[in-house]
Amino acid sequence: MSTTLTGAPVSPGRAAGPAVTMPDRVPEPRTTRLAGDDVEDAVVQLTRAAASVRDELTDRAGRAAGTAADLLAVTAAMAADPALTSDAERRIRSDRLTPERAIWDAARTMARQLEKIGPPLSERARDVRDVRDRIVAELIGVRPPGVPSPDHPFVLVADDLAPADTASLDPAVVLGIVTSGGGPTSHTAILARALGIPAVVAVRGAADITDGETVLLDGGAGIVVRDPDPETVAAAQQHESTRRAFDGTGRTADGTRVELLANVADPAGAQAAIEAAAEGVGLFRTEFSFLGRANEPAVSEQVAAYRRVLAAFPGRKVVVRTLDAGADKPLPFVTSDSEPNPALGVRGLRTATLRPGVLDRQLQAIARAAEAENADVWVMAPMVATAGETAEFVASCARHGLRTAGVMIEVPAAALRAEEVFAHAAFGSIGTNDLIQYTMAADRMLGELATLSTPWQPAVLELVRATCRGAAVHDRPVGVCGEAAADATLAPVLVGLGVRSLSMTPRALADVAAVLARVDLDECQELARLALSEDDPIAARSAVRDAIRPVLTDLGL
Ligand code: PEP
Ligand code: MG
């Protein structure tokens, strides 16, 4: 019999298929000593386990494509590296360690040595640890780490996913994502949306889902159905295959222009944006090229990474965000791992105060990439709190010839002092994910706080209004690039509050465009008043949905 679980809807779309659960983390083996007679056996076990890991990875690399194939080939080569296994062998023989403990210790020594050498070799420390975990898993008989790779499409079920796990997901194989943890604005959610994989997070009862059972999820409604009936599965698949298209120009019914842009993190995302007819890029998250890196990428490498995205948008606007490191996106070369409260710590633009060189080199790279390509490049800084920070950032951009410099409005202080901020900034982009987190004092990563973490909170909408009013004094445009922009019901409210561009995952463009095309600017303003007149977010959303019910029903939203 079917059971329905509810969670936070984070990436729209419906999907159904067999569940595959994420394996637990491989545990650190205990240090136990072998009896003298067992030593040679242990060496044989180690050699076999290493060979089996190498063969498995080589085989997978042969079947994968692009970056995934390269990553797997590197890890396979590491498993075949005799330096690692011979050190482990020596430890088995001299210290009578179990093979799993011996490879653990050998890997630790090797990873530390690599880290000491610095880039690019230090990047391989992660591969060493990955191989270590795989060999240990093989030796102790548990599932290897990372996203499983069965040879059929599946719905991935996890407690939560690390950004690196999510980034490596293949949308052709991973039909959907269900997690018991994670907040609606966590990076797992954002990457799932960027990859176009339907996802529901903070699902109560997800931990009970077992491997192989059929699950259906609706990433727009926030629902997961265990053991759905075949007709529902067929209907969901049919719905997905008949998605509407966006014609490439966002506007309300009376013709008020609302630019509809895409959020992009890499060239694949840029391609998805083009395919979805995005008018340009409203948020290029540059830090995603650098996640998992131990050291700052060279300027030339950055130029190459940015050019790959800019090249897809000749003559179109691309808003490049400078490095947003810290909190949920730690980067060892700019952030500290010892802050007691990283979300309130040195993150975003603040890292530039401690390491001005990193921002300076990034601006240099953006300027060089902009010069080499034909995109209309705008630059903005994340986590700006004051008018003073804005002035400094704009001046830094100007020193590099970057004339259109703006800020993200993510901190309530900046929204409240919008008039002063926009005296310097050429434009503003509201990062609702963080603005919600700081307005509601609710960690964006926490599933338990999902009811607080919504852009429908009247306090958040007030700050959107304050931002637009402050910007209007200087005739500066304001957009929204947080996840709120992808909510088709909220879009007219944001426009009614004064927002004139919305940047979102490419998959959401068509639905948002379709709703906007059916409401006048006057109606948008009325919907904004309606939402703000309610005391709680659920009531605000229902009131707006009721007011445009015929449009939503007609569009199947
Ligand atoms: C935001 O905070 O809304 C935003 C767009 O930035 P990020 O999600 O990358 O922190
Ligand atoms: Mg943010």
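Which residues have the most contacts inside the largest nonpolar core? The points below take up this matter and then turn to the barrel, the salt bridges and the metal site.

1. The coordinates come from a predicted model, and the remarks that follow should be read accordingly. In this model the largest nonpolar core has 101 residues. The residues with the most contacts inside this core are Leu260, Phe393, Val493, Leu502 and Met504. Helix α12, spanning residues 356-372, gives the most to the core, with eight residues. In soluble globular proteins, nonpolar side chains tend to be buried together.

2. Phe393 merits a separate comment. Leaving aside residues up to four places away in sequence, Phe393 touches Thr322, Leu349, Leu359, Leu363, Val379, Met380, Ala381, Ala405 and Gly406. Apart from the core to which Phe393 belongs there is another, of 33 residues. Leu72, Leu84, Leu114 and Val128 are among the residues of that other core.

3. The barrel is closed by eight strands, in the order β9-β10-β11-β12-β13-β14-β15-β16, with parallel pairing. From one strand to the next the twist averages 30 degrees. Strands of a sheet pair through backbone hydrogen bonds, either parallel or antiparallel.

4. Strand β9 (residues 259-264) has five of its six residues buried and is therefore largely enclosed by the rest of the structure. Strand β9 runs parallel to strand β16 (residues 501-504), and four bridges join the two. Within this pairing, Ser501 of β16 is the bridge partner of Glu259. With strand β10 (residues 281-285), β9 pairs in the parallel sense over three bridges. Here Val264 stands opposite Phe284 of β10.

5. Elsewhere in the barrel, five bridges pair strand β11 (residues 317-321) with strand β12 (residues 376-381), again in the parallel sense. Val319 faces Trp378 of β12 in the pairing. Helix α17 (residues 458-473) lies across three strands, namely β13 (405-409), β14 (428-430) and β15 (478-480). The helix runs at about 155 degrees to β15.

6. A search of the whole structure finds 30 salt bridges. One of them joins the side chains of Arg90 and Asp87, with an N to O distance of 2.8 Å. Because Arg90 and Asp87 are three residues apart in helix α3 (residues 82-95), about one helical turn separates them. How exposed are the two partners? Arg90 is partly exposed, at a relative accessible area of 46%, whereas Asp87 is buried, at 15%.

7. A further salt bridge pairs Glu213 with Arg226, whose closest N and O atoms are 2.8 Å apart. This pair links distant parts of the chain, 13 residues apart. Glu213 is in the loop between β6 (199-201) and β7 (214-218), and Arg226 is in strand β8 (residues 223-226). Glu213 and Arg226 are both buried.

8. Arg444 and Asp434 also form a salt bridge, the closest N and O atoms being 2.9 Å apart. Asp434 is in helix α16, while Arg444 is in the loop between α16 (432-440) and α17, so placed that the pair links distant parts of the chain, ten residues apart. Both Arg444 and Asp434 are buried. These two residues also take part in a network of salt bridges that links Glu287, Arg321, Asp324, Arg347, Asp434 and Arg444.

9. Which residues supply the protein donors of the magnesium ion (ligand 2)? They are Glu410, through OE, and Asp434, through OD, at 2.0 to 2.1 Å from the ion. Glu410 lies in the loop between β13 and α14 (412-416) and Asp434 in helix α16, so the two tie together parts that are 24 residues apart in sequence. Glu410 and Asp434 are both buried. Asp434 is thus named twice in this note, as a donor to the magnesium ion and as a salt-bridge partner of Arg444.

10. The surroundings of Asp434 complete the picture. Helix α16 is mostly covered, with eight of its nine residues buried. The buried residues in α16 are Thr432, Asn433, Asp434, Leu435, Ile436, Gln437, Tyr438 and Met440. Just after the helix, Ala441 takes a positive phi of about 50 degrees.

Conventions: Residues are numbered from 1 along each chain as its sequence is written. Chains are lettered from A and ligands numbered from 1 in the order in which they are written. This is a predicted model: local features need pLDDT of at least 70, side-chain atom pairs count only at pLDDT 80 or more; totals for chains, interfaces and linings use all residues. Side-chain values use heavy atoms; hydrogens and water are left out. A nonpolar core is a set of buried Ala, Val, Leu, Ile, Met, Phe, Trp, Tyr and Cys residues joined through side-chain atoms within 4.5 Å. Buried means under 20% relative accessible area, exposed over 50%, partly exposed in between (1.4 Å probe, protein chains only). Contact means heavy atoms within 4.5 Å. Two strands pair if DSSP finds at least two bridges between them. Axes are lines fitted to C-alpha atoms, for helices over the stretch in contact, and angles run from 0 to 180 degrees between N-to-C directions. A salt bridge is a side-chain nitrogen of Lys or Arg within 4 Å of a carboxyl oxygen of Asp or Glu. Donors are N, O and S atoms within 2.8 Å of the metal (3.2 Å for Na, K and Ca); water is not among the atoms, so sites may look incomplete.
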